[in-house]
Amino acid sequence: MDGWSRTYAGPIKTEWNAIAQSKGFDLIRRVRDKFHVVLRCHTCGAMTAQKLFTLRTAQPACASCRHHAIQAMAQKAGLEFQGYDPEDHKLGVYRAPCGHTLRRQFGQIERIAGGHCKLRCETCHSGKEAEEAADRGWQLMGSDPEGNPNYRIYQHGCGHTQRVARANMQSGRFQCTACGEGWATAPSHIYAIRLELPTGLRVVKLGFSRDPESRLHNQLLLQSGIQAELLRTVPQPTGHAALCQEKALHRALKTSHPDAIIPHEHFRDWLSVKTEIYGIEMTPIILKHLDDIRKK
Ligand SMILES: [Zn+2]
Ligand SMILES: [Zn+2]
Ligand SMILES: [Zn+2]
């Protein structure tokens with residue numbers, strides 16, 4: 001504040017007084033240097049330092065009146081003014097009725113107070129968005145790293161993270177790029193298959209397929225000597241849904257029965273799959289899970 005309390009010793013021209021009066025101020029004194037004066041607001045009585053140039057060529061603003069106006073406008077808009085944004089003088093910091101803190105341009109608060117637009121709390125809104133996403137099996141992760149306000153980052157039930165337009169999340173008109181395309185929208189099945197390998201190892205395989213029967217015969221079995229039986233199939237509206245159900249089920253089983261997963265080396269000579277094989281003792285548990293999925 002160097003200089004702002006220091007009176008500048010210089011004459012005050014009578015015309016300056018007249019100009020100050022006409023603009024709603026008393027000219028009190030010169031301050032700091034030859035360019036500045038102290039004005040007292042007729043409305044609120046507060047002092048404000050202004051450039052002489054501003055006084056002569058424009059309407060000087062009373063900082064105190066402006067502050068009161070901002071507070072009043074906030075109140076009218078249903079907000080609580082908390083202060084000025086230290087980084088951007090055009091922005092105020094407000095507390096919304098929902099309790100969240102918002103940064104807004106003063107002009108926008110005026111428009112809200114005037115009923116010309118509505119306040120939109122980003123935080124609340126993202127709560128709603130999170131629900132929308134959850135309905136489709138996605139989790140809202142955050143705003144777009146590319147800065148487009150219409151996009152968000154979501155994580156799919158399969159674990160894949162993807163940038164999706166919010167409108168598309170609402171309409172469902174998009175696909176998880178990790179879950180593939182085409183098949184994703186086609187009906188599918190989750191299945192459980194019981195297998196007995198020539199080594200005597202008895203296992204259950206859990207998976208999903210559009211056609212579990214053909215999967216059993218054409219893809220799963222590398223060679224004869226393996227006995228296989230399709231235990232259960234649960235229809236799913238889409239391949240996408242099937243994949244997500246299957247992944248979720250694997251996660252649940254891994255948590256509840258971490259020891260039941262058969263290591264790859266026990267079956268790699270016989271089966272073309274790499275994982276998703278459980279010990280035979282898991283059969284009733286897996287079938288129960290599948291029946292629960294069917295009931296949903
Ligand atoms: Zn004032
Ligand atoms: Zn909010
Ligand atoms: Zn996915």
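Helices and strands are here DSSP runs, H or I over at least four residues for a helix and E over at least two for a strand, numbered from the N terminus. In this predicted model, Trp 138 belongs to strand 7, which covers residues 138-143.

**Surroundings of Trp 138**

With a relative accessibility of 4%, Trp 138 counts as buried, because the term applies to residues under 20%. Leaving aside residues up to four places away in sequence, Trp 138 touches Ala 133, Tyr 154, Gln 155, His 156, His 160, Gln 162, Met 169, Phe 174 and Cys 176. One of these, Gln 162, lies 24 residues from Trp 138 along the chain, and the C-alpha atoms of the two residues are separated by 9.7 Å.

Strand 7 pairs with strand 8 (residues 151-156) in the antiparallel sense over five bridges, and in this pairing Leu 140 stands opposite Tyr 154 of strand 8. Strand 8 in turn pairs with strand 9 (residues 161-165), again in the antiparallel sense and over five bridges, with Tyr 151 standing opposite Ala 165 of strand 9. Four residues lie between the strands in the hairpin of strand 8 and strand 9, where Gly 159 takes a positive phi near 100°.

**Nonpolar cores**

The largest nonpolar core has 15 residues, and those with the most contacts inside it are Leu 206, Leu 253, Tyr 278, Ile 286 and Leu 290. Two or more residues of this core come from each of strand 10 (188-196), strand 11 (202-209), helix 8 (239-256) and helix 9 (283-295), and helix 9 supplies the largest share, four residues. Leu 253 touches Leu 206, Pro 258, Tyr 278, Met 282, Ile 285, Ile 286 and His 289, not counting residues up to four places away in sequence. A second, separate core has 13 residues, among them Ile 70, Ala 74, Leu 79 and Phe 106.

**Two helices**

The spans of helix 3 and helix 8 can be set beside the values expected at 1.5 Å a residue.

| Helix | Residues in helix | Expected span | Distance between end C-alpha atoms |
|---|---|---|---|
| Helix 3 (residues 63-76) | 14 residues | 20 Å | 20 Å |
| Helix 8 | 18 residues | 26 Å | 25 Å |

For helix 3 the distance between the end C-alpha atoms agrees with the expected span, and agreement is likewise found for helix 8. Helix 3 is followed by Gly 78, whose phi is positive, near 85°. The buried residues of helix 8 are Gly 239, His 240, Ala 242, Leu 243, Cys 244, Glu 246, Leu 249, His 250 and Leu 253. What covers these buried residues includes strand 8, strand 10, strand 11, strand 12 (227-236), strand 13 (277-279) and helix 9.

**The chain as a whole**

The secondary structure of the protein chain comes to nine helices and 13 strands, and buried residues make up 36% of its 296 residues. Of the contacts in the protein chain with a separation of 6 or more, 44% are accounted for by residues 24 or more positions apart. The protein chain exposes about 17000 Å², of which carbon and sulfur atoms supply 50%.

A search of the whole structure finds zero disulfides. Cys 44 counts as partly exposed at 32% relative accessibility, and Cys 117, with a relative accessible area of 26%, is also partly exposed.

How values were computed:
Residues are numbered from 1 along each chain as its sequence is written. Chains are lettered from A and ligands numbered from 1 in the order in which they are written. This is a predicted model: local features need pLDDT of at least 70, side-chain atom pairs count only at pLDDT 80 or more; totals for chains, interfaces and linings use all residues. Side-chain values use heavy atoms; hydrogens and water are left out. A nonpolar core is a set of buried Ala, Val, Leu, Ile, Met, Phe, Trp, Tyr and Cys residues joined through side-chain atoms within 4.5 Å. Buried means under 20% relative accessible area, exposed over 50%, partly exposed in between (1.4 Å probe, protein chains only). Contact means heavy atoms within 4.5 Å. Accessible areas come from the Shrake-Rupley method with a 1.4 Å probe; for residues, only the protein chains shown count as cover. A disulfide is a pair of cysteine sulfur atoms within 2.5 Å. The expected span of a helix is 1.5 Å times one less than its number of residues. Two strands pair if DSSP finds at least two bridges between them.
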